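Please prepare a briefing on the pockets and one sheet of this protein.

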Amino acid sequence: MTRKSISLVGTGISKAAFLARAAAGSAFAIGLLCAIEARAANVLTNPGFETTGLAGWTTFGPNNYSENTAGIAHGGVNYYKVYGAFVGAQNYTGIYQDNPSAPGAIYSADGWAYTLGSDGGGIHGQDAIWLEVSFRDAANNALALYRSVVVTGNNLASFGGTNTWFDLQITNQCSFTNASAQILLPGTVANTVTNLVAPAGTAYVRYQVVFAQGPDNANASMYFDDLTLNQTGGPSPPATQWNIVWSDEFNGTSVDTGKWAFETGNGGSNPGWGNQELEYYTSRTNNAYVSGGLLHIVAQQESTNGFSFTSARMKTQGLYATTYGRIEWRAAMPAGVGMWPGLWLLGANIGSVGWPGCGEIDVAETKGTELTKVHGSVHSGSDETAIYTFAGADSITNFHNYMVDWKSSSISFSVDGNVYETVTSWTDSLGPYPTPFNAPEFLLMNLAVGGNFVGNPSVAAIEAGTVFPAEIQVDYVRVLEQTAPLQIAATQTNGSVVLTWPANIVCHLQTQTNSLVGAWTDLPNTTSPFTVTPDPNNGSVFFRLASP
């Protein structure tokens, strides 16, 4: 049997992960990736806020600002300013940043703080500020917490008082009981340490700045600059990248009923689906079909079961649900009176707890009479909605990428990569924050006709103001998570080469012979592991993974 040479090569092709080259007539070799120990380096992005807009940081609470008043910054020209919400109750405002980490990683951390004497007299009353580092697992639950000294009006003088920068070292190991919360409490100091060590189970390290305002509405503010989170030892964090873990590319000839189920009718005991909708949903190909690489969800003007319109409503309930990650639709929406397309998620426990307790995330919904606007929302008892507006002549009728980035403590909405809403707090009758958005949700797509969201137009108004059939066209639906890199591993077994790759990532194997120029060929129905048998008549064969 002829032996082979295997080499792993990175590529810049967006859909390609790595290449494995199998060449006949040469010795067998495999490249290995080795872990190295990290040396002191600040892992924070934009630690001095010189990139404006708090780039690299996630905010919570209402009053977070990047400022550059002359003569104020500790280093450079910009700094971060924060103050409370003035709601007459305990509230928290601040910023945080998550970075990959690994068990055993060792860090040191600090940051510079400043309070202006002419701004409310500096920190006073019930205000308190601190810096903290927490280590978190893959679900962003806290495993360990370290804080700086908590600065208040009572101890401010020990740091030099107002109008001076002082360094806050993060050296206090603290207790907490609410591992999934934004603010870990009670935060009682249990130990003083020199090194911050990531415990077993660590996937991320979070650096957070907190401004706590009490019920007295004390009117001070705080400035921060030159924050550091230095990794001084231990293993480097594992390489991660955003990869597709579930998708439907609609490349077949029919709706995949292994991924989607249809809801039919008009809501049964909940007429109009609780929204006064006027359509009757069906599972017919008149209302939902796959063609040309697209899913078509079609509203028809036709009488059935006492209704004047038909359409389709599809869901992954019972087939697939996810918690956290990036959920992305590429779709074109319809125009017309009463057209109400939606791309959204519902809590998988809706059958037992009902709505809105289960939680709803509306990735994108539009009105057929407002062609430049897209709504993104969360509903859980409290409601948060923002609107994205297209520029110029662009509109919802063109294809756009609608995405939600769902984390344990924030949900961000974007259109074509432009983030227009980030929600960092919500309430729910079933339990404390972050309930309900810490549990699995399933996906839905539908095209409603009429209803309260679109102003409850009459049947006559819809028939006069819409060209039927009207449809949503969906190019794909994808769920992405941060995983280990998508790559091929190769081992030699009895003269053959066995290729393996991650089973949790949506991908397929492709091949090409003799050259890296030209088209690649899909290898249908191949799964990991895949055995390559050498062909002595073929000089070389190349393999790559394409995702999706």
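Which residues lie nearest the centre of the largest pocket? Tyr204, Trp242, Asp405, Lys407 and Gln482 do, among 38 lining residues. This is a predicted model, in which local features need pLDDT of at least 70, side-chain atom pairs count only at pLDDT 80 or more, and totals for chains, interfaces and linings use all residues. Residues are numbered from 1 along each chain as its sequence is written, and side-chain values use heavy atoms, with hydrogens and water left out.

**Largest pocket**
- The largest pocket (an open set of 1 Å grid points over the protein atoms alone where a 1.4 Å probe fits, with protein on both sides within 12 Å along at least five of seven lines; lining residues have an atom within 4 Å of a point) holds about 960 Å³ of space.
- Strand E7 (strands are DSSP runs of E, at least two residues, numbered from the N terminus) gives the most to this lining, with 5 residues.
- The lining divides into 15 nonpolar, 18 polar and 5 charged residues.

**Second largest pocket**
- About 660 Å³ of space lies in the second largest pocket, and 32 residues line it.
- Trp273, Asn275, Trp344, Trp355 and Glu360 lie nearest its centre.
- Strand E25 (339–347) gives the most to the lining of the second largest pocket, with 6 residues.

**Open sheet**
- An open antiparallel sheet has 7 strands in the order E4-E7-E15-E9-E10-E12-E13, where strands pair if DSSP finds at least two bridges between them.
- E4 (58–60) and E13 (186–192) each have a single partner strand, so one side of each lacks a neighbour in the sheet.
- E4 and E7 (residues 91–100) pair over 3 bridges, and phenylalanine 60 stands opposite glycine 94 in E7.

Conventions
Helix = DSSP H or I, 4+ residues; strand = E, 2+ residues; numbered from the N terminus. Points joined across faces, edges and corners; volume = space filled by probe spheres on them. Nonpolar A, V, L, I, M, F, W, Y, C, P; charged D, E, K, R; others polar.
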